[in-house]
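Please open the structure in your viewer and keep the selection tool at hand. The tour proceeds by selections, each followed by a description of what is there.

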2 protein chains.
Amino acid sequence: MLIFIEPESEKPIYQQIRDQIVEGIARGELPPGTGLPSIRQLAADFGINLHTVNKAYELLEREGFLQVRRKTGAVVQPRGRLAEDWEARLRTLLAEALAQGLPAEEILVRCQRVLATLTDHEQPDR
Amino acid sequence: MLIFIEPESEKPIYQQIRDQIVEGIARGELPPGTGLPSIRQLAADFGINLHTVNKAYELLEREGFLQVRRKTGAVVQPRGRLAEDWEARLRTLLAEALAQGLPAEEILVRCQRVLATLTDHEQPDR
DNA sequence: CTATTTGTTATATAATAGATATAACAAAAA
DNA sequence: TTTTTGTTATATCTATTATATAACAAATAG
């Protein structure tokens, strides 16, 4: 699984790493039990600081996606709980599309399309 | 239409204002042509600084939701273009739910539910 | 057991973002 | 003409983001 970093993006680097790992888990490319590179390894690969990667891993651990251990490295966790504010964030995002005039049906189709591309090449669930 | 500010939220105040106005437009509570309070008025109402409200209005104007005029105040615009990165943001959000184990069908139902609450009390389009 | 890798913690620094506080200017409406 | 309003300009403060080192302690590999 490849991760791309855009240093000039307005989105923080640690957030870019977090988002792409979450998407990797969603796509099934990183099933539970998968080991991730050490923070020093990732930092060296990207040419960024160790603490930036650490921040991404910490966030992923707080969200329940990862468990970070001493020498084994980070391991993808089986299942977590959806963040409490997830639906509020969904609401804000969908409202933006509605406010720009997209019909609800069109928005739903886009959600379906995005979900399809995410679940495309993988077994959906256990 | 009421706006609530949480000063202690991790979400920036100007973003809170922006999000709630966008939701107001989506719900049809702020149809095109609606005038919004002046930035000084809003700032006074919330007990916050003028520039914080100004930042929210500037953002809404860049996004095509508002047109800010000299003395008339801000006016809700008819229709804009959906932000280019909207679908990428949707993708990130849906991936998070998938990665936490929510089945795609369940996610779609939630999207439908949220859209329903947003289009509930209003005429959908035009 | 020993050496080494790793996550963790601790400082320090710099740049940017978020928010506030004033002040002044110019346009536009009353 | 007066007043309100958006705009612009500084200045200050805090928090966030990112980097740079350094050191420590746990855990694995040899």
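Begin in chain B by selecting Arg27(B), which counts as buried because its relative accessibility is 17%, under the 20% limit for that class. The model on display is a predicted one. Arg27(B) belongs to helix α1 of chain B, residues 13-27. Now add Thr117(B) to the selection: its backbone oxygen is 3.3 Å from a polar atom of the Arg27(B) side chain.

**The two chains together**

Next, display chain A and chain B in two colours. A turn of 180°, with a shift of 0.0 Å along the axis, lays chain A on chain B with an RMSD of 0.0 Å. The two copies are therefore related as by a two-fold rotation axis. Both copies use the same surface, since 100% of the contact residues of chain A recur in chain B.

**The interface**

Select the residues where the chains touch: 45 residues of chain A are in contact with 45 residues of chain B. About 4400 Å² is buried between the two chains, and carbon and sulfur atoms give 65% of this area. On the side of chain A, highlight Arg91(A), Glu96(A) and Gln100(A); these lose the most area to chain B, together 17% of what that side buries.

How many salt bridges are found across the interface of chain A and chain B? The rule finds 10 of them. It also finds 22 residue pairs in polar contact across this interface. Now select the helices α1 (13-27), α4 (86-99) and α5 (104-119) of chain A, each of which supplies at least two residues of the side that touches chain B. The most is given by α4(A), with 13 residues. By type, the residues on this side of chain A divide into 23 nonpolar, 7 polar and 15 charged.

**A network of charged side chains**

Side chains of opposite charge can pair when their charged atoms come close. Over all chains, a search of the whole structure finds 22 salt bridges. For a closer view, select Arg18(A), which counts as buried because its relative accessibility is 3%.

- Add Asp19(A): this residue forms a salt bridge with Arg18(A), and the closest N and O atoms are 2.7 Å apart. Both Asp19(A) and Arg18(A) are buried.
- Add Glu63(A): its side chain meets that of Arg18(A) in a salt bridge of 2.9 Å, N to O. Arg18(A) lies in helix α1 and Glu63(A) in the loop between α3 (50-62) and β2 (66-69) of chain A, so the pair ties together parts that are 45 residues apart in sequence. Glu63(A) counts as partly exposed, at 22% relative accessibility.
- Add Glu96(B): its salt bridge with Arg18(A) has its closest N and O atoms 3.0 Å apart. This pair crosses between chains, from helix α4 (residues 86-99) of chain B to helix α1 of chain A. Both Glu96(B) and Arg18(A) are buried.

Arg89(A) also forms a salt bridge with Glu96(B), with the closest N and O atoms 3.0 Å apart. To view the whole network of salt bridges, select Lys11(A), Arg18(A), Asp19(A), Glu63(A), Asp85(A), Arg89(A) and Glu96(B), which are linked in it.

**A last stop**

Finally, select Arg40(A) in helix α2 of chain A, residues 39-46. Is Arg40(A) buried or exposed? Arg40(A) is exposed, because its relative accessible area is 61%, over the 50% limit. Then select Arg113(A) as well: Arg40(A) and Arg113(A) are 73 residues apart in sequence and 37 Å apart in space, C-alpha to C-alpha.

Key. Residues are numbered from 1 along each chain as its sequence is written. Chains are lettered from A and ligands numbered from 1 in the order in which they are written. This is a predicted model: local features need pLDDT of at least 70, side-chain atom pairs count only at pLDDT 80 or more; totals for chains, interfaces and linings use all residues. Side-chain values use heavy atoms; hydrogens and water are left out. Helices (H or I, at least four residues) and strands (E, at least two) are DSSP runs, numbered from the N terminus. Buried means under 20% relative accessible area, exposed over 50%, partly exposed in between (1.4 Å probe, protein chains only). A polar contact is a pair of N or O atoms within 3.5 Å; within protein, one must be able to donate a hydrogen and the other to accept it, and residues adjacent in sequence count only if both atoms are side-chain atoms. Copies are superposed by least squares on the C-alpha atoms of residues with pLDDT of at least 70 in both. Contact means heavy atoms within 4.5 Å. Buried area is the accessible area (1.4 Å probe) that two parts lose on being put together, summed over both. A salt bridge is a side-chain nitrogen of Lys or Arg within 4 Å of a carboxyl oxygen of Asp or Glu. Ala, Val, Leu, Ile, Met, Phe, Trp, Tyr, Cys and Pro count as nonpolar, Asp, Glu, Lys and Arg as charged, and the others, Gly among them, as polar.
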